[in-house]
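This briefing covers strand pairing, a pocket, the nonpolar cores and two backbone angles. The entries are grouped by topic.

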Amino acid sequence: MDNKFPNMNYDADAVINEFKEKIKWPKNNEVQAVVKPARMPLRILLSLLMTVVIGAAAYYMMLPALNIHDTQMYIYIILLVAIFMVSFSIVCRANKKIERKEYVKKKSVIPIIIIAVVILVMAVGYVAGVTLFRAESYSKLMTVTNGDFNTDFDEISYDKVPRVDERRAYTLADQQLGSLSEYKSQYVVSATSTQINYNNTPARVAYLEYADVFKWFNNTKDGLPAYMMIDVVSQKVTAVNCVEKFGEGIKYSPTELFNEKLIRHIRFQYPTYLLDTPNFEVMDDGSPYWITPVLDKTIGFFGGTDVKGAIITNALNGESQYYGIDKIRNDESLNWIDVVYSEALVIEQYNYYGKLQNGFWNSIIFQNDVNLASDGSGNIAMADDVWVYTGVTSSESDTSNFGFILCNQRTKELRYYPNGGAMESAAQESAEDAVQNYGYKATFPILLGIQDKPTYFMSLYGTSNTVKGYAFVSLEDKTVVGTGLLDTAKSDARALNNAVANYIDALKDKGAVNQNVNTNDVLVDEKDMAGSENDGADNTENQLKTITGEVTDIKNSVNDGNTVYYLQIQGKYYYIKVTDAMEVLLISKGDTVTVAFDKNSGGSFIPASSVTVK
């Protein structure tokens, strides 16, 4: 046997490199041939099918309007082209064979050109609508007329204006929903609400949302059972049961997930319309509807946003009808609609008017007669419509307004009032300073006329977001302040009248009104005020029911800073805040009490209006 090793006279690295050269993947510039894959018609068909399937799913999620004025449509077109290019590359197996990769690259020229053209069209459409070139067109989006303060505000009484804003209305609705055992575990109150005039009463309406996806699976078949109605004057909250009142729940809303999702439902009905955010409103009989403004781009492709109509959708069955803006403005049968023009849109259009009426360069350099809406806005109910209120100030930082505007959210009628004075934020600070020992905060002001004097009205609220009092501040002189607090007045109506009386006295001290003005002539009868509030809230004495019995259990909790006691009587819990009935602190198990509550209340947890120990 030969024990010698075989001949090892060779370079191992050279052998390995030679082997690599034989099997390596060629570089792109080394490929001499571009091979067209076989069965090209079939591959193109497969690519198109993949594009259709993926594109349909993308459309279902994106919901672009098939409209040249919608930027989403251009993005969707680019996405479709990209999907086709990727699909074509996959079916041609370009990732496996480099010669096919080169073929796909050569055939990608046309899709790339399509994308470039789409981007170019978007760029041209955008440039055609920039304010630099179209300042005059932007300044004419809004027509401004002068209003007369004393005439227009004469009909607005301080006891009929909203006392809670959207944030406080949400808190009230959320607290009320928490007391309704049949709803509270399944639904939550939407953070957005719409201010409307409901049978000539200022109110906010908020729809419910499913608490989570599991609650959606459990309840979507029947829809949302109710919506919340908040009387912003009396602060009474009502859960309107749609199933009991109309025989079915709300099937179409933003909280749904598939075809019943509101914006998707409307998009499939009106594929070419530019849709704004839908507003939840109700007719005078309480029927729930969605009002979806239909937008138009009037300057270039994407500028000059305005409203050309609205889609009215029945929230119960999804039936929709489009109405042009002229019909909405003039048809009395549609007067129940309150919000077609959003606050953001009307303020944006006024700012274009205020900045650009003397040209683009004037708005930047000289700024002659340039004015803007001040920060923040509120709502006023007037002539059965809802109006946006905001002050008007200079383009420079300032603490005063030289006027204010009202804009009708249904018709876009805008009135300018040249009544100058303190900015809203300054008025809020004055009101808060007057009650600084309580630490209360003020809501955004509403402008009223008190003794023909433009006056800011604000509600004062504590950490629990509940109303604690009211304040009046003079527009002309923010040091003139009148406040009234529930803690001392022990009545909402009395607190409001106290604030007015203190304000009139402050005006007299400043010499702003005649010393002979009789304050009692300005005050509203507290019995009438309370009765009116209760009527609007559907909470008269005839609506109250009492129960007397032994307290078998007592529980308490802290909700939004308020201590709430729950008294179990005859198997049900009746709850009330300590601040509303201090006697509950003295009640023990076994005591006999009388509880008053709304006879329409149901469930295992019932809100009480009073508790009396027998």
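Tyr573 has Phe605, in strand S28, as its bridge partner. The model is predicted, and the points below begin with the strands around this pair.

**Strand pairing**
- Strand S26, residues 572-577, runs parallel to strand S28, residues 605-613, and three bridges join them.
- S28 also pairs with strand S27, residues 592-598, here in the antiparallel sense and over five bridges.
- Within S28, Val611 is the bridge partner of Val595.
- In a regular strand, side chains point alternately to the two faces of the sheet.

**Second largest pocket**
- The volume of the second largest pocket is about 830 Å³.
- Its lining is made up of 42 residues, and those nearest the centre of the pocket are Glu166, Ser193, Arg204, Glu343 and Asn379.
- By residue class, the lining of this pocket holds 20 nonpolar, 14 polar and eight charged residues.
- Strand S21, residues 453-461, supplies the largest share of that lining, with four residues.

**Nonpolar cores**
- Nonpolar side chains tend to be buried together in soluble globular proteins.
- The largest nonpolar core has 88 residues, and the members that touch the most others are Phe153, Tyr227, Leu406, Tyr456 and Phe472.
- Helix H18, residues 492-509, is the main contributor to this core, giving eight residues.
- A second core, separate from the largest one, has 27 residues, among them Leu274, Ile291, Leu334 and Ala373.
- Beyond its neighbours within four places in sequence, Leu406 is in contact with Phe153, Ile380, Met382, Trp387, Val388, Tyr389, Glu413, Leu414, Arg415 and Tyr417.

**Positive phi outside glycine**
- Asp369 is a residue other than glycine with a positive phi, near 60°.
- The loop that holds Asp369 joins helix H15 (360-366) to strand S12 (371-373).
- Asp369 has a relative accessible area of 59% and is therefore classed as exposed, the cut-off for that class being over 50%.
- Gln570, also not a glycine, has a positive phi near 55°.
- The position of Gln570 is in the loop between strand S25 (562-569) and S26, the strand that pairs in parallel with S28.
- Gln570 is likewise exposed, because its relative accessible area is 60% and the class begins over 50%.

Technical notes
Residues numbered from 1 in each chain as written. Predicted model: local features only at pLDDT ≥ 70, side-chain atom pairs only at ≥ 80, totals over all residues. Heavy atoms only, no water. Pairing = 2+ DSSP bridges. Helix = DSSP H or I, 4+ residues; strand = E, 2+ residues; numbered from the N terminus. 1 Å grid on protein atoms, 1.4 Å probe; cavity = no way out; pocket = protein on both sides within 12 Å on 5 of 7 lines; lining within 4 Å. Points joined across faces, edges and corners; volume = space filled by probe spheres on them. Nonpolar A, V, L, I, M, F, W, Y, C, P; charged D, E, K, R; others polar. Core = buried A, V, L, I, M, F, W, Y, C linked by side-chain atoms within 4.5 Å. Buried < 20%, exposed > 50% of the residue type's maximum accessible area, 1.4 Å probe, protein only. Contact = heavy atoms within 4.5 Å.
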